[in-house]
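Trainee: I've got a protein model open and I keep tripping over the vocabulary. Can we go through why things get the labels they get?

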Amino acid sequence: MISIRCILILVIFTKLLFSSKIIYQDCNEPLEPPYHGTIFLDPNIITKFDKSSFEKIEYVGKEERVMFDRRYDDWITVVPFIFIASFSDNLIIEVQVNPEFITVKDAKNIASKYCMPVGQLPTSLRLEVKTMWIHRGMKAFGGGNQNILIHTDWSEMHYEDQGILEETLFHEATHTSLDGLFSEDENWINAQEKDCNFISTYALENPEREDIAESFLPFFVIKFFPNRIPASMNKTILETIPARIKYFDDKVLDYFPLIIE
């Protein structure tokens with residue numbers, strides 16, 4: 001039997017998804033999150049067929065840079081291949097490719113490979129991305145430090161193989177561009193408390209570091225592309241983090257090129 005509460009939530013979802021009439025939960029402690037990590041929700045939230053703002057990439061030479069490399073879990077000083085990636089919303093990113101890629105051609109190919117999906121990220125998620133670090137290695141991506149960190153071997157085996165490269169880059173760019181804006185906001189903290197739940201165990205275990213990035217991708221898909229995920233997933237997201245959804249929706253953010261107003 002479907003409870004009255006579930007019926008109300010379904011009505012809200014279909015008619016009043018982003019209105020102030022969303023019903024919140026009352027509870028004394030967080031419930032069990034429905035997902036482990038939100039980059040794994042669905043590989044079709046963003047696809048390779050979606051529009052990209054990436055326009056061109058230019059090689060500008062080799063010059064000493066300090067880059068973070070998870071293989072060493074430390075900062076390294078190297079002389080990488082340096083490229084300037086340009087995007088149609090007038091943003092640019094300096095792409096630093098580890099010299100282990102040997103030739104300019106190989107370095108440019110790998111830089112271009114990742115610039116295309118990075119260009120699919122909303123402008124608001126690229127505003128603070130000033131550099132990209134690209135290394136080989138079986139280590140996870142990272143965000144923050146005005147940067148997106150990429151390890152290509154891990155990418156191929158764990159992200160590209162599952163079709164979630166775009167979703168992973170979305171997550172990391174959220175760290176880079178939105179964490180600093182939202183994490184100390186009293187309204188964000190209130191939204192976390194009001195929901196009394198987390199969308200994923202990853203967010204629950206790291207509420208200050210991961211909750212924004214874990215929650216923003218689910219918000220994005222149910223706001224703009226709800227037909228790309230199962231209806232049951234839409235319902236679960238809405239039931240789990242309605243206050244966070246409203247918090248994000250109240251923000252004025254630029255979603256170009258995926259959403260063109």
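**Labels and the values behind them**

Mentor: Sure, let's begin with the inside. The largest nonpolar core has 61 residues, and V95, V97, M132, I134, F216 and I237 have the most contacts inside it. Helix α8, residues 211-224, gives the largest share of this core, 7 residues. Bear in mind that this is a predicted model.

Trainee: What makes a set of residues a nonpolar core?

Mentor: The residues have to be buried, belong to the nonpolar types such as Val, Ile, Met and Phe, and be joined through side-chain atoms within 4.5 Å. Another core, of 6 residues, lies apart from the largest one, and I76, V78, W133 and L149 are among its members.

Trainee: Which residues is I237 in contact with, leaving aside neighbours within four places in sequence?

Mentor: Y35, L41, I199, P218, V221, I222, I229 and I245.

Trainee: Now F101. Is it buried or exposed, and how do you know?

Mentor: Its relative accessibility is 4%. Buried means under 20%, so F101 counts as buried. You'll find F101 in the loop between β5 (92-97) and α2 (104-118). Leaving aside neighbours within four places in sequence, F101 touches F81, D106, A107, I110, I134, H135, R136 and T152. With I134, the two C-alpha atoms are 9.6 Å apart, while the residues are 33 apart along the chain.

Trainee: How much of the whole protein is buried?

Mentor: Of the 261 residues, 54% are buried.

Trainee: And I102, is that buried or exposed?

Mentor: I102 is in the loop between β5 and α2. Its relative accessibility is 64%; the cut-off for exposed is over 50%, so I102 counts as exposed.

Trainee: What is there to notice about phi of I102?

Mentor: Phi of I102 is near 75°, a positive value in a residue other than glycine. Most residues other than glycine have a negative phi. N90 is another case, with a positive phi of about 70° although it is not a glycine. N90 sits in the loop between β4 (81-87) and β5, and at 72% relative accessibility N90 counts as exposed.

Trainee: What about the peptide bond from F256 to P257?

Mentor: That bond is cis, with omega near 5°. Most peptide bonds are trans. P257 belongs to the segment after α10.

Trainee: On to helix pairs. Why is α6 called roughly antiparallel to α10?

Mentor: The axes of helix α6 (residues 186-195) and helix α10 (residues 242-249) cross at roughly 155° and come within 7 Å. Angles over 145 degrees count as roughly antiparallel, so α6 is roughly antiparallel to α10. On the α6 side the contact is made by N187, W188, A191, Q192, K194 and D195, and on the α10 side by P242, A243, R244, Y247 and F248. These contact residues divide into 6 nonpolar, 2 polar and 3 charged.

Trainee: And how do α2 and α5 lie relative to each other?

Mentor: The axes of α2 and helix α5 (residues 165-182) come within 9 Å and cross at roughly 75°. The range from 65 to 115 degrees counts as roughly perpendicular, so α2 is roughly perpendicular to α5. In this pair, Y114, P117 and V118 of α2 meet L165, E166 and L169 of α5. The contact has 5 nonpolar residues, no polar ones and 1 charged.

Trainee: Last one: how many helices and strands are there?

Mentor: The protein has 10 helices and 8 strands.

Technical notes: Residues numbered from 1 in each chain as written. Predicted model: local features only at pLDDT ≥ 70, side-chain atom pairs only at ≥ 80, totals over all residues. Heavy atoms only, no water. Helix = DSSP H or I, 4+ residues; strand = E, 2+ residues; numbered from the N terminus. Buried < 20%, exposed > 50% of the residue type's maximum accessible area, 1.4 Å probe, protein only. Axes fitted to C-alpha atoms, helices over the stretch in contact; angles between N-to-C directions. Parallel < 35°, antiparallel > 145°, perpendicular 65-115°, else oblique. Contact = heavy atoms within 4.5 Å. Nonpolar A, V, L, I, M, F, W, Y, C, P; charged D, E, K, R; others polar.
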